[in-house]
Amino acid sequence: AMEPNAGEKRPAGEQMSKGEAKRALKKQAEVLGRKEVGATRWLGLYSLQWVDRFGVERPWDMCTRTTKKPESYADAVVIFCILEGGDLSEPHILLVKQFRPPVGKYSIEMPAGLIDPGETPEKAALRELKEECGYVGKVTETSPELCLSPGLSDETAAFVKVTIDLSAPENETPEQELEDTEDIEVLKEPLSTLLERLRTHTEQGCAVFMPLFTLATALKMTQKL
């Protein structure tokens, strides 16, 4: 018997045959094109047309950074900073607190920033760390390009792990190198109680960066193993 094409409309409640479903699963969803709807200096709004794996075309709205470069490794870096040495009795994580207008709250995040043209993720991470927090560190690991909010934006970031030796002379008196538009408070939290500390920050009205909370949850789970 003839089977309808995957993209054709079917009566409500009618199920796909096994043969049709098997063929449909071989298809790959893809974006067919996008049209700019509007833009500001930093953000562009686009309307996408995409086709799902069953051959049905659908619309989608998204935003993108106007500074995004196709040849770049990623748009930004998120820095997982481990503090050791000095007067610390256990490893701490370095965090930043700053006001984020889109959510109308102060947020608790890991240091982060955009990758400048020609920079590697490692160089960008060390530069942002020095500018935002005043510390000098050493990169120990860099992730592949990762998505941040794939249902909304094509923004990507590299997750860079950095260790900071507080006993090093260059870290004895850290000084931030902030831009005029930046107002960042540097926080140090013990890794062993990070999840509890983040819950306290939320109770105090702060917004917590989701990847940071995920990291804290994972660390807590490893403590129970």
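1. Contact here means that heavy atoms lie within 4.5 Å of each other. In this predicted model, the buried residues of helix α2 pack against six elements by that criterion: the strands β4 (76-84), β5, β7 (112-114), β8 (138-147), β9 (156-165) and β10.

2. The residues of α2 that are buried are Pro121, Ala124, Ala125, Arg127, Glu128, Leu129, Glu132 and Cys133. The list thus includes Arg127, Glu128 and Glu132 as well as Leu129.

3. The length of α2 can be checked against its residue count. The helix covers residues 121-133, and at 1.5 Å a residue its 13 residues should span 18 Å; the end C-alpha atoms are 17 Å apart, which agrees. Directly after the helix comes glycine 134, with a positive phi of about 85°.

4. Helix α3 comprises residues 194-203, and its buried residues are Leu194, Leu195, Leu198 and His201. Viewed down the axis of α3, these residues fall within an arc of 115°, so they line one face of the helix. As background, an α-helix has 3.6 residues a turn, so residues three or four places apart point the same way.

5. The buried residues of α3 have packing partners of both kinds: the strands β5 (92-100), β6 (105-109), β10 (185-190) and β11 (207-208), and the helix α4 (210-224). α3 is followed by glycine 205, which has a positive phi, near 100°.

6. The largest nonpolar core contains 19 residues, and those touching the most other members are Val77, Leu94, Leu129 and Ile164. Two or more residues of this core come from each of β4, β5, α2 and β9. A second core, separate from it, has 18 residues, among them Leu95, Ile108, Leu198 and Leu212.

7. Isoleucine 164 merits individual inspection. Leaving aside residues up to four places away in sequence, isoleucine 164 touches Cys81, Ile82, Leu83, Glu84, Leu94, Leu129, Tyr135, Val136, Gly137 and Asn171. Of these contacts, Leu129 is also one of the buried residues of α2.

8. A further feature is an open sheet of three strands, ordered β1-β2-β3 with antiparallel pairing. Its edge strands, β1 (30-39) and β3 (57-65), each pair on one side only. On average, and with direction ignored, neighbouring strands of the sheet are turned by 25° against each other.

9. Within this sheet, β1 and β2 (residues 43-51) run antiparallel and are joined by eight bridges. Glycine 38 stands opposite leucine 45, a residue of β2.

Notes. Residues numbered from 1 in each chain as written. Predicted model: local features only at pLDDT ≥ 70, side-chain atom pairs only at ≥ 80, totals over all residues. Heavy atoms only, no water. Buried < 20%, exposed > 50% of the residue type's maximum accessible area, 1.4 Å probe, protein only. Helix = DSSP H or I, 4+ residues; strand = E, 2+ residues; numbered from the N terminus. Arc of directions from axis to C-beta. Expected span 1.5 Å × (residues − 1). Pairing = 2+ DSSP bridges. Axes fitted to C-alpha atoms, helices over the stretch in contact; angles between N-to-C directions. Core = buried A, V, L, I, M, F, W, Y, C linked by side-chain atoms within 4.5 Å.
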